[in-house]
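Please open the model in your viewer and keep the sequence panel beside it, since the tour moves from one selection to the next. Each stop says what to select and what is to be found there.

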Amino acid sequence: MKLARFFAPLLLCLACLGTASAETAATPLTRDRFISELARQLTLHFNLEGDLQLDLLRPWSPPAQVATAWDIEIAEYPVLPSASMLVRCRILGDAELLADSTIVLRASLWRDAWIARQPLPIGSTFDPSVLDVRRVDLFRDRDALPASVGDRNYIIARTVNTSRLLTWHDIARRPLVKKGSLVEVSAADGMLSITMKAVAMENGGPGDTVTVRNPESRKEFAAMVVDENRVQVRF
């Protein structure tokens, strides 16, 4: 028992040294690690939402050396993310530059998007309960409407047929002011504030500038939409 108590700390120390040695062992740079790091940096640089998947379009060989620490740095990014991207990257092993080259990437950005389960008439309120979700590549279907977008503050801007992907062109903000409706106009100049009625000449959402007409003078002027059937004129 005394010998066991004497050797136990020593054995524990040797085990720790073995673990530390294994953790700092030099390893080669793998293709998966290289691609994964490129995807991470591209996602952060372009603030991408979704699952970015990459593949190398040209043959690629990792550095022949092994290292305890690998660093992959993208030195030049493409102007915009797309299905095919050209990037220049540097590979450093233990802080030593081992490669500096330009590579061609094939990319896909997978994300859930809305698809119509039934016909959606123009002007109807956006309703997720009549929609399904499909996984799509947003680099291929760039206009597809992500499933994270859309609520009852939107309306359908044009007719959508069954089984069609919704796009950004298919929805619009629900107008707080509708063309032809009577709206309240408020105007302020210093301490002076007045209100009047006018006719909206176009639809408008929150913050939009719309044209309204004084029903008596027939004079038209611009005002900003601030609430339901309320606009404001600023001097």
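**First stop: the loop around N214**

Select N214 and E216 together, and you will find the backbone nitrogen of E216 lying 2.9 Å from a polar atom of the N214 side chain. Add S217 to the selection, because the side chain of N214 also reaches the backbone nitrogen of S217, here at 3.3 Å. Bear in mind while reading these distances that this is a predicted model.

Now widen the view to the surroundings: N214 is placed in the loop between β10 and β11. Is N214 buried or exposed? With a relative accessible area of 17%, N214 counts as buried, the cut-off for that class being under 20%. If neighbours within four places in sequence are set aside, the residues in contact with N214 are M196, K219 and F221. Of these contacts, M196 is worth picking out for a distance label, as N214 and M196 are 18 residues apart in sequence and 8.6 Å apart in space from C-alpha to C-alpha.

**Second stop: two positive phi values**

Stay in this loop and select R218, which sits between β10 (209-213) and β11 (220-227). Its phi is near 65 degrees, a positive value in a residue other than glycine. Most residues other than glycine have a negative phi. R218 counts as exposed, with a relative accessibility of 53%.

Then move to D94, in the loop between β3 (84-93) and β4 (96-116), where phi is again positive in a residue other than glycine, with a value near 50 degrees. D94 has a relative accessibility of 41% and therefore counts as partly exposed.

**Third stop: D170**

Select D170 next, in the loop that runs between β6 (154-156) and β7 (171-173). How much relative accessibility does D170 have? The value is 0%, so D170 counts as buried. Show the side chain of D170 together with the backbone of T167, and you can follow the side chain to the backbone nitrogen of T167 at 2.8 Å. To see what else surrounds D170, select I155, I156, A157, R158, V160, R164 and L165, the residues that D170 touches when those up to four places away in sequence are not counted.

**Fourth stop: the largest pocket**

For the next view, select N47, L48, E49, L109, R111, L138, F139, R142, A144, P146 and W168, which line the largest pocket. The space in this pocket comes to about 200 Å³. Colouring the selection by residue class should give 7 nonpolar, 1 polar and 3 charged residues in the lining.

**Last stop: the whole chain**

Finally, clear the selection and show the protein as a cartoon, in which 2 helices and 12 strands make up the secondary structure. Followed along the sequence, the order of elements is α-α-β-β-β-β-β-β-β-β-β-β-β-β. Of the 235 residues, 33% count as buried, and N214 and D170 from the earlier stops are classed as buried. If you switch to a surface display, the accessible surface comes to about 14,700 Å², with 54% of it belonging to carbon and sulfur atoms. A contact map offers a last view of the fold: among contacts between residues at least 6 apart in sequence, 51% join residues at least 24 apart.

Methods. Residues are numbered from 1 along each chain as its sequence is written. This is a predicted model: local features need pLDDT of at least 70, side-chain atom pairs count only at pLDDT 80 or more; totals for chains, interfaces and linings use all residues. Side-chain values use heavy atoms; hydrogens and water are left out. Helices (H or I, at least four residues) and strands (E, at least two) are DSSP runs, numbered from the N terminus. Buried means under 20% relative accessible area, exposed over 50%, partly exposed in between (1.4 Å probe, protein chains only). Contact means heavy atoms within 4.5 Å. Accessible areas come from the Shrake-Rupley method with a 1.4 Å probe; for residues, only the protein chains shown count as cover. On a 1 Å grid over the protein atoms alone, a cavity is a set of points where a 1.4 Å probe fits but cannot get out, and a pocket is an open set with protein on both sides within 12 Å along at least five of seven lines; lining residues have an atom within 4 Å of a point. Grid points are joined across faces, edges and corners, and a volume is the space filled by probe spheres set on the points. Ala, Val, Leu, Ile, Met, Phe, Trp, Tyr, Cys and Pro count as nonpolar, Asp, Glu, Lys and Arg as charged, and the others, Gly among them, as polar. A polar contact is a pair of N or O atoms within 3.5 Å; within protein, one must be able to donate a hydrogen and the other to accept it, and residues adjacent in sequence count only if both atoms are side-chain atoms.
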